[in-house]
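Student: I am new to this structure and would like a close look at a single part. Please keep the sentences short.

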Amino acid sequence: MTRITEVGRFGFGTKAETLQGLGPSLEQSIIPDFSFISVEEWVNNNESVIDTLTRRFKHKKVAVRSSAQGEDSNESTMAGEFESLLDINGGDTESLSQAIDTIIESYPGGLELCERNHQVLIQVYVNNVSMSGVVFTQDLNTGAPYYVINYDDVSGRTDSVTSGEQNGRTLFVHRNSQHTLNSPRFRAVLDAVAEIEAVTEIDALDIEFAVDKDNRVFLFQVRKITTQANWNRGMALRIRDAIKSMSAFAATRFQPLSGVYGSRSLFGQMPDWNPVEMIGSRPRPLAVSLYQRLITDRTWRLARKQMGYAEPQGSPLMYMFGGQPYIDARLSFHSYLPADLPPAIGHKLVDGWVQRLSDNPQLHDKVEFDVAITTLSFDFDKRFEEQCAGLLDDGERDIFKECLQRLTHSLITSQIASIESELEKIETLSRKCDERAGYHGQIDLSSVAALLEDCVDLGTVPFSILARHGFIAQSFLKSLVSLDVLTQADMDAFMGTVNTVAGDLVSDMRKLSDGKLDLGIFLNRYGHLRPGAYDIQSMRYDSRPELIERMRNAPVVETSDPEGLEVGFVLSDDKKAKIQSLLDDFGYDTNVDTLFDYIGKATEAREYSKFVFTRNLSDALEGIAAWGQRNGLSRDELSFIPIQTILDVNSMNKGRSTEEYLRSTAETNMKDYQVTMGLHLPYLIKEVSDFHIVPLLISRPNFITSKSVEGEIVHLTGNEVDDKIDGKIVVIESADPGFDWIFTRNILGLITKFGGANSHMAIRCAEFRIPATIGAGEQLFEQVLASSMVELNCAQGTLKTTTNRIR
């Protein structure tokens, strides 16, 4: 057998040499008994080698792994490049020989041409595994000070994470916080990791491990992380300070607040106005400030007040933690309650909903339907038992129901904040957009400020109202399915009759391709669309001639079902009678046809109003970009400057030129943004410890339609145009109307990382009968990206990856 020569105190050489060098120094982990051989030995004397190995490992199961020279060097790693075989009978000459041959054949050149000093590692196989995985002792991409634990605690295998299979999970632990872990097995793993760091005197390691049922840690591999050259060496201290600051602020919000229902809060990236879908999980300062100005500072609560909901005064809805956006769920839940509800009942409901979301974090993007009760839909009794059990006594429950009834009735019968009145404001904004068509690049900063004022008064306030109407409409539809009055197929068929602006885009694209619509008219209608509505770096349709040209020349998909299975939405007399009976029982002075007319109009108005106000916003962004260009500032630099700083520049530059002052501001914010990129935070922040220990949430996606498809994926990230998406499943991170061009193509399905059950892309896919997974979540999304094929079964609510791109 090969023996180590002088490789140093801990033996960073090949995989096998490293383990042998570490072995004598470790007490917190166990290196399973192993031996290793060189290719030279195997070629020259395989019979003697196999005899020695089978005698050593007789009656034992072994793992046979690669241990190539240079596999784990200081400069590069070939992790996962070569074969590993598990659960081999160590006493079976033929099985062990075949396994060794397989490993060697996986080396470059195979048995005939590979380097003769490459090695093969034979190691006792670990049974009774409760968890296995890989620990990175720093963030692999940024060097941020986290232990990153990728683990599998389901399969019982030792290679499921390293082989790239899809049952892995991820835990981030800030390096100063490992002592706060409650889990004995994770504590055991990090105790073992800390010992290895001490022995090697290296804190940038990649460690493969397993934990058995007794929480004993077994060590399979230790290698140096090879991406260190890309790291920011000052990151650790800055992240530590950011976590300390965020923790102190959040602690004040986890307390009762005057004028706000509920004794505590929690923060989420997807509840209510789901900012990560709109501006991304790590947005730049300009996008953040625009979203705050237009939506989350005041607009959200003013709109709900106009509709008859309670208004928690004095606080913005969104907070930025380390540059990442979070919704204050307590404020959101408060604003979902009727304004005339007694405060004592409001406090109980908000506390209950906060607790429900805390206990069920997978519902973070479904709070309007599965956590809070925001409207009196027909399944109120059923939902109350599930979502409010034990919160109210019978009298309080009746009061809550009565208040919801008055609120809902006034909204669906247009007594207050009617769809028609809000659409009038939207149409006024649309006319203003038409009047300045083609001149947005010539406006000054005062004009930008005026555009943003119009965007609030005539755009985002009415949009906020219409969006709430859209949620009410969907609540009624879902309640009819929940009570088995309608089938899911009925709901799908009805949604197929809804014609949103996406349907208009597809229709106009067909006319453009057929030469029946002038390009100028088309661009006047849709040219403002961009994949990131708040992102100045995201280019508009009318600035992307390559996109328009490909859209003009590509065959446009019909909106009907390509399989010819679509049927129209028809309500039988029996179903109509049941729905009318429900309307009467709930005291709604309306009829079935009027109800469904309301549902359709609310859904269409929500989409149309966003389309219009984002045109105004898009013009403002182009005005900022043109002004910046005149002052020597790029779009990239402008993206790091908050909108108010830009608008106030003439009074704030203190003697410096505009260019100098704003560039200095941008450079400072760029440095802060490095911390934003390095910080790991959870989707939900429930307590201060969540800033230190961060498990990636396993989401429950939203499945649209009842179809099942299987196909190749195409990943779209923003400004690029992929003309090979026909017949493919399109994968995008956040769903924005700027991606509506994909619906002019014959795509097979859609998967998004972020998005709720009633998000814009969910509505579009329902309209076009496109099977979709909306809001797959970070872990499932990454698994999809690591695959070339996926199987999407919306009826069963499953998404499976079928072919991995990487091992």
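Is Asp 484 buried, partly exposed or exposed? Please start there, then take me along the neighbouring helix and out to the rest.

Tutor: A word of caution comes early: this is a predicted model. Now to Asp 484. Asp 484 is exposed, because its relative accessible area is 65%, and the cut-off for exposed is over 50%. Where does Asp 484 sit? The residue lies in the loop between α16 and α17, and α17 covers residues 488–497. Its backbone deserves a look too. The phi of Asp 484 is positive, about 65 degrees, although Asp 484 is not a glycine. In chain order, Asp 484 follows α16.

Step back into that helix. Helix α16 takes in residues 445–482, which makes 38 residues. How does its span compare with expectation? At 1.5 Å a residue, α16 should span 56 Å. The C-alpha atoms at its ends are 51 Å apart, so the two values agree. The helix also has a bend. At Val 456, α16 bends by about 40 degrees. Now its surroundings. Of the 38 residues in α16, 30 are buried, and the helix is mostly covered. Asp 484, in the loop that comes after, is exposed.

Asn 215 makes a useful companion to Asp 484. Asn 215 is not a glycine, and its phi is positive, about 65 degrees. Asn 215 also belongs to a loop, the one between β8 (205–212) and β9 (217–224). Its exposure falls in another class. Asn 215 has 31% relative accessibility, so it counts as partly exposed.

For a buried setting, go to a sheet. Four strands form an open sheet in the order β1-β4-β2-β3, and their pairing is antiparallel. Its edge strands are β1 (34–38) and β3 (84–89), each of which pairs on one side only. From one strand to the next, the twist averages 25 degrees. Inside the sheet, β2 (residues 61–67) pairs with β4 (residues 119–124). That pairing is antiparallel and runs over six bridges. Ser 66 faces a partner there: it stands opposite Val 120 in β4.

Phe 36 belongs to strand β1. Phe 36 counts as buried because its relative accessibility is 2%, and buried means under 20%. Sequence distance and distance in space part ways here. Phe 36 and Ile 122 are 86 residues apart along the chain, yet their C-alpha atoms are separated by 5.8 Å.

A helix crosses this sheet. Helix α3 (residues 93–105) lies across β1, β2, β3 and β4. Relative to β3, α3 runs at about 175 degrees. Ser 97 is in α3. With a relative accessible area of 16%, Ser 97 is buried. Leaving aside residues up to four places away in sequence, Ser 97 touches Trp 42 and Ile 50.

Finally, set these parts in the whole. The protein has 28 helices and 21 strands. It has 807 residues, and 57% of them count as buried. Its exposed surface comes to about 31,300 Å², with carbon and sulfur atoms supplying 47%. Contacts are worth a look as well. Among contacts with a separation of 6 or more, 70% join residues 24 or more positions apart. Back at the start, Asp 484 is exposed, and α16 before it is mostly covered.

Notes. Residues are numbered from 1 along each chain as its sequence is written. This is a predicted model: local features need pLDDT of at least 70, side-chain atom pairs count only at pLDDT 80 or more; totals for chains, interfaces and linings use all residues. Side-chain values use heavy atoms; hydrogens and water are left out. Two strands pair if DSSP finds at least two bridges between them. Helices (H or I, at least four residues) and strands (E, at least two) are DSSP runs, numbered from the N terminus. Axes are lines fitted to C-alpha atoms, for helices over the stretch in contact, and angles run from 0 to 180 degrees between N-to-C directions. Contact means heavy atoms within 4.5 Å. The expected span of a helix is 1.5 Å times one less than its number of residues. The bend at a residue is the angle between axes fitted to the seven residues ending there and the seven starting there. Buried means under 20% relative accessible area, exposed over 50%, partly exposed in between (1.4 Å probe, protein chains only). Accessible areas come from the Shrake-Rupley method with a 1.4 Å probe; for residues, only the protein chains shown count as cover.
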